[in-house]
Amino acid sequence: MQPDTHLANSNFFTELRAYLDELVAGSRPAGELIRAAASRMLEEFSSDVIVWDWEHFDRVCRWIETLDLPDQEDDSRMKLQPYQLMIVANIEARRWRENGKRATATLFCEMARGGAKTMLMAMILSYHLAHSRAELQYHLGAPTASGAGEDTANLLRAFARQIGEPLKPVGSAGKEAVRNTETGSTIKVLPADEEKYHGLRSVICAIDEIAHISKPIITRARTGVAKTGGQLITFSTPHHEKETIPYYAWRDQMVGELVEGHSKDEEVALVWTIDDADPVDEFVSEVVEKANPGLGVTIQEKSIRDSHSSMVVSGTPATRADYQRQHLASFNDLGSGGLLDLDDWRACDAVPVFKPGRVWVGIDLSRGAACDSNRTDVCSVCAVQTAPDGVIQVKARHYMPEHRLEHFGHRSKLPLGEWASEGYLRLCPGRVIDPAMIEMELEALMKDYKVSEIAYDLWTFSRDVLHRWETVNRWTLKGRAQAQYVVPATEGLVDKVRQRKIAHGGDPILEKSIKNARVKNYQGGRRPDKDPSRSMIDPLMAMIYALSSCFEEGGDRVSAYDADDIGV
């Protein structure tokens, strides 16, 4: 794969290309998300839509490396690291083939503390201000103008003093930081106040630690750069409370699309973080490097080891969570840890056995599978029945259109072909879920058992299908996606799993959906929530809908007359 460029032999490009190859090949420690970003970037080197201006990239990198690092006694010069070259290339070199304009309208960059994110941001802004040829607006956002924002502003002033005319440092906190006296261009520091972003026309709006800003400024920042054809660039470490931060709605969508292999051309997500299965309680250098691409240069391993010793080994659950967020760029509330203990779940792998009698059914018909989107959601039909010993038997059937397996299987990182060959995943001919296959599944259950209720998610169902099932088939249906049903059923599921009162037969698709789910607190209870970066929780939701019906009717409580042992 040869990049479309006339300057692909520059040292900067050579180092960048080697880094990307190492990420994709797995010869350098890297998490799933940054490997996906590297793979996307390599594919775009021969894209029909994107072209790369390596001459400009080379010019920007050479200029940045002329800068002295502030607060260094030996006047050390900046040396761009491979991960920083990846960031700079996506900001500076990535262009639309059609018109040569900047293709990256939005870039979200995350990594652990100590990655020199703020330094790189200040250097990129300084380059643009020094080379501006007209009166342009560059804006710098931060959680507080007097805190993180002023730290970046001080770096900008330091670089302005190094560069000299026409750059002039300005000492007005919360306002201008640097001005180009020849063109009138300015870099202004903005506090985390959405009103301050109203009406902006930023050429570049760079927001530092955006994951720590609880106010909805990101929408206005995106609107401002859209007016000028500019760029929104964000750098951040994760925040401990994901639910209240507007940034994550945008970020999770971009990350989800990246993993699924269908990112929007104008959006780029670069996320250095560990993977779900990576250990946190023990210190593993290769794992730490995944979230700290500047390890050994911008931050030393000893510093992180010391934090691990104090925050994890000798710390509390709260300090462990802070360590994971700050030094591994990961949340401890993602995956199964906050909902179900996987060891408990896997201990419930007895083969489910259904007997004549009542069953409850839950269905989650995915929007992706139903409307032929690019997501790898599945449609799941889950039936539950309580055995005489009180163990809830769980049988699930999962469906996906054939074309999704062929076209997206390699991108989704899910073993779709393996699941299909083993019989866990049933394929529907064509491009959409065939409702007839779902009806056949339900009719088979109706024939063999007394189906008390079919619970579903109204949002994902075709009105025509529902109408036919209710009026023609005369099935008992109920929408159970609301919190009032999902929360009690989720808590009940957790209790049953802890008591080993579930038998699921080791269904790998159910287990994967449990891993994918993150937990959302709701009025004193919990409910699964979809994290787009992990996708597919439909099988879990189908089971919860079925359990909701079962619990509400008291189906989990075994009658003494139904039990195997009756006291006389």
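In this predicted model, C382 is buried, with a relative accessible area of 0%. Another cysteine, C348, also counts as buried, at 2% relative accessibility. Both values fall under the 20% cut-off that defines a buried residue. As for links between cysteines, a disulfide requires a pair of sulfur atoms within 2.5 Å, and by this rule the count comes to zero.

Stepping back to the whole chain, the protein has 568 residues, of which 55% count as buried. Its secondary structure comprises 20 helices and 19 strands. The surface that the protein exposes amounts to about 24400 Å², and carbon and sulfur atoms supply 47% of that area. Contacts can also be sorted by how far apart the partners sit in the sequence: among those between residues at least 6 apart, 71% join residues at least 24 apart.

A good place to begin a closer look is the open sheet of eight strands. Reading across this sheet, the order is β5-β6-β7-β4-β8-β9-β3-β10, and the pairing is mixed. Strands β5 (residues 167-169) and β10 stand at the edges; each has a single partner strand, so one side of each is left without a neighbour in the sheet. From one strand to the next, the twist averages 15°. At the β10 end, β3 and β10 pair in the parallel sense over five bridges. Within this region, L107 stands opposite V268 in β10. Helix α7 packs on the sheet, where it touches β3, β8, β9 and β10, and its direction makes about 145° with that of β9.

Which residues of helix α7 are buried? In this helix, which spans residues 218-228, they are I218, A221, R222, G224 and V225. These residues cover an arc of only 160° around the axis, which puts them on the same side of α7. Their packing partners are β3 (106-110), β8 (204-208), β9 (231-236), β10 (267-271) and one helix, α8 (247-260). Just after α7 comes G229, which takes a positive phi of about 70°.

The strand β10 comes up again in the surroundings of R40. This arginine belongs to helix α2, which covers residues 32-44. Is R40 buried or exposed? With a relative accessible area of 14%, R40 is buried, since the cut-off for that class is under 20%. Not counting residues up to four places away in sequence, R40 touches R94, L258, S263, K264, D265, E267 and V268. One of these, V268, is the β10 residue that stands opposite L107.

A second buried position is found in helix α6, which holds A153. At 0% relative accessibility, A153 counts as buried. Leaving aside its neighbours within four places in sequence, A153 is in contact with L140, A177 and V189. The C-alpha atom of A153 is separated by 9.7 Å from that of K175, a residue 22 places away along the chain.

Following the chain onward from α6 leads to a peptide bond worth a look. E165 and P166 are joined by a cis peptide bond, with omega at about 10°. P166 has its place in the loop between α6 (148-163) and β5, and β5 is one of the two edge strands of the open sheet.

Two further residues stand out by their backbone angles. A329 has a positive phi of about 50° although it is not a glycine. This alanine is placed in the loop between α11 (317-328) and α12 (342-346). Its relative accessible area is 5%, and A329 is therefore buried. R500 likewise has a positive phi, of about 60°, without being a glycine. This arginine lies in the loop between α18 (483-498) and β17 (502-503). How does its exposure class read, and what is the value behind it? R500 counts as partly exposed, at 40% relative accessibility, because that class covers values between the 20% limit for buried and the 50% limit for exposed. The two loop residues thus fall into separate classes, with A329 buried and R500 partly exposed.

Key:
Residues are numbered from 1 along each chain as its sequence is written. This is a predicted model: local features need pLDDT of at least 70, side-chain atom pairs count only at pLDDT 80 or more; totals for chains, interfaces and linings use all residues. Side-chain values use heavy atoms; hydrogens and water are left out. Buried means under 20% relative accessible area, exposed over 50%, partly exposed in between (1.4 Å probe, protein chains only). Helices (H or I, at least four residues) and strands (E, at least two) are DSSP runs, numbered from the N terminus. Contact means heavy atoms within 4.5 Å. Accessible areas come from the Shrake-Rupley method with a 1.4 Å probe; for residues, only the protein chains shown count as cover. The arc is that of the directions from the helix axis to the C-beta atoms. Two strands pair if DSSP finds at least two bridges between them. Axes are lines fitted to C-alpha atoms, for helices over the stretch in contact, and angles run from 0 to 180 degrees between N-to-C directions.
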